[in-house]
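Trainee: I have a structure open and would like to take a close look at a single part of it with you. Could you walk me through that part and then show me how it sits in the rest of the chain?

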Amino acid sequence: MRLRLFTVMCFVLVADARAQVPYGQQDIPSQRAGLMMSTLDFKFVGDAPSELVFAFTNPTYGVFYSRQEIFFSYTRGAQDLSGGDRLVLSDATMSGWAPVRPFKGDTPRKLDVFFPLGLNSDFRKIVRTKGSTEIDAFEYTVVAVGAGVGFGIETGAGYLSGYALPFFGIASRSFGNDTDTSAIVTANAEWLSRPFIGRFGVSVGYGYRWQKWYSDVGDITGDSFDYVGSKHTVRIGLSY
């Protein structure tokens, strides 16, 4: 299992994280944690041995933690196939970004427009179970960089923010020696309430993620093929 790149990027992002509040909003909590559910459409595209061919469409469930300009999540799900086979998917994502604010003034404004410069690391694995045999049908670690656009706006009861951020980077797989590539498009929206129970408030979020893994497994099968997937995620948690 090649988790080295993902682990290194996690340390880099955590070390650079700062517990900031939303820009110009000193009374809005800076951290949030909670539960999430994702619906996936993830599939193999191409010709390859049967154990590598799959389509995963079941939901996954997990947890998330975020603070200003950093996000971590882990989800897991399973899907039964015909013939008694079973797919188990594990998904971990760590991303961080630095906002560029060319329109920043001397005083905070209710509308904040920024351009995030991002760093993303994600790990996805699918294990296919056939009786007592387990086959790693998919296992990739991706490290990518990107740039996008985002906004934040004060509402009557809290703070609403969102951004769109595409990435492109390298993909390291668990089999073979080649380095592949991956393209990612993410979009997120989040609403944070003001604290209403001591220092605690509510966080509600939605995320969309499209990703394509460009794979060349000529050293294994003589074939080239891709994986492509999209994911819709709903998050709810506490902010503090």
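How many residues lie between β6 and β7 in the hairpin they form, and which glycine in the turn has a positive phi?

Mentor: Happy to look at that with you, and please keep in mind throughout that this is a predicted model. There are two residues between β6 and β7 in their hairpin, and the glycine in the turn with a positive phi is glycine 131, at about 65 degrees. The two strands of this hairpin, β6 at residues 111-130 and β7 at residues 133-147, run antiparallel and are joined by 14 bridges. For a pair to find on your screen, take threonine 129, which stands opposite glutamate 134 in β7.

Let's place the hairpin in the chain. The chain has one helix and twelve strands, and read from the N terminus the order is α-β-β-β-β-β-β-β-β-β-β-β-β. Of its 240 residues, 47% count as buried. Among the contacts with a separation of 6 or more, 63% are between residues 24 or more positions apart.

Now follow β6 to its other partners. β5 and β6 run antiparallel and are joined by 15 bridges; in this pairing proline 99 stands opposite proline 116 in β6. β5 itself is mostly covered, with eleven of its 15 residues buried. β5 also pairs with strand β4 (residues 70-80), in the antiparallel sense and over eleven bridges, and here alanine 78 stands opposite valine 88 in β5. β4 and β5 form a hairpin as well, with five residues between them, and glycine 83 in that turn has a positive phi of about 85 degrees. β6 has a further antiparallel pairing with β8, over four bridges, where phenylalanine 114 has glycine 150 in β8 as its bridge partner.

From the β7 side, the next stop is strand β9 (residues 158-173), which runs antiparallel to β7 and is joined to it by seven bridges. Valine 145 and phenylalanine 168 in β9 are bridge partners there. β9 is also joined to β8 by six bridges, with the two strands antiparallel, and valine 149 stands opposite alanine 164 in β9. β8 and β9 make up another hairpin, with three residues between them. Glycine 156 is found in the loop between β8 (149-154) and β9. Glycine 156 counts as exposed because its relative accessibility is 79%, where the cut-off for exposed is over 50%. Its C-alpha lies 9.3 Å from that of serine 193, although glycine 156 and serine 193 are 37 residues apart in sequence.

Next, come back to β7 and look at what it packs against. The largest nonpolar core has 24 residues, and those with the most contacts inside it are Phe42, Phe54, Phe56, Ile126, Phe138, Trp213 and Tyr227. The elements giving two or more residues to this core are β1 (31-45), β5, β7 and β9. Among the contributors, β7 gives the most, with five residues. As background, nonpolar side chains in soluble globular proteins tend to be buried together. Phenylalanine 138 is a good residue to centre your view on: neighbours within four places in sequence aside, it is in contact with Phe42, Phe54, Arg124, Lys125, Ile126, Trp213 and Tyr227.

Aspartate 226 is worth a stop too. Aspartate 226 lies in strand β12 (residues 223-239). Setting aside neighbours within four places in sequence, aspartate 226 is in contact with Phe44, Val45, Lys212, Trp213, Tyr214 and Ser215. Of these, tyrosine 214 is twelve residues away from aspartate 226 in sequence, with 4.9 Å between their C-alpha atoms.

Finally, have a look at the enclosed space. A search of the whole structure finds four cavities of 30 Å³ or more, and the largest cavity holds about 570 Å³ of space. Its lining comprises 39 residues, with Phe71, Trp97, Tyr163, Asn188 and Arg235 lying nearest the centre. The lining of the largest cavity is a mixture of 17 nonpolar, 13 polar and nine charged residues.

Terms used. Residues are numbered from 1 along each chain as its sequence is written. This is a predicted model: local features need pLDDT of at least 70, side-chain atom pairs count only at pLDDT 80 or more; totals for chains, interfaces and linings use all residues. Side-chain values use heavy atoms; hydrogens and water are left out. On a 1 Å grid over the protein atoms alone, a cavity is a set of points where a 1.4 Å probe fits but cannot get out, and a pocket is an open set with protein on both sides within 12 Å along at least five of seven lines; lining residues have an atom within 4 Å of a point. Grid points are joined across faces, edges and corners, and a volume is the space filled by probe spheres set on the points. Ala, Val, Leu, Ile, Met, Phe, Trp, Tyr, Cys and Pro count as nonpolar, Asp, Glu, Lys and Arg as charged, and the others, Gly among them, as polar. Two strands pair if DSSP finds at least two bridges between them. A nonpolar core is a set of buried Ala, Val, Leu, Ile, Met, Phe, Trp, Tyr and Cys residues joined through side-chain atoms within 4.5 Å. Buried means under 20% relative accessible area, exposed over 50%, partly exposed in between (1.4 Å probe, protein chains only). Contact means heavy atoms within 4.5 Å.
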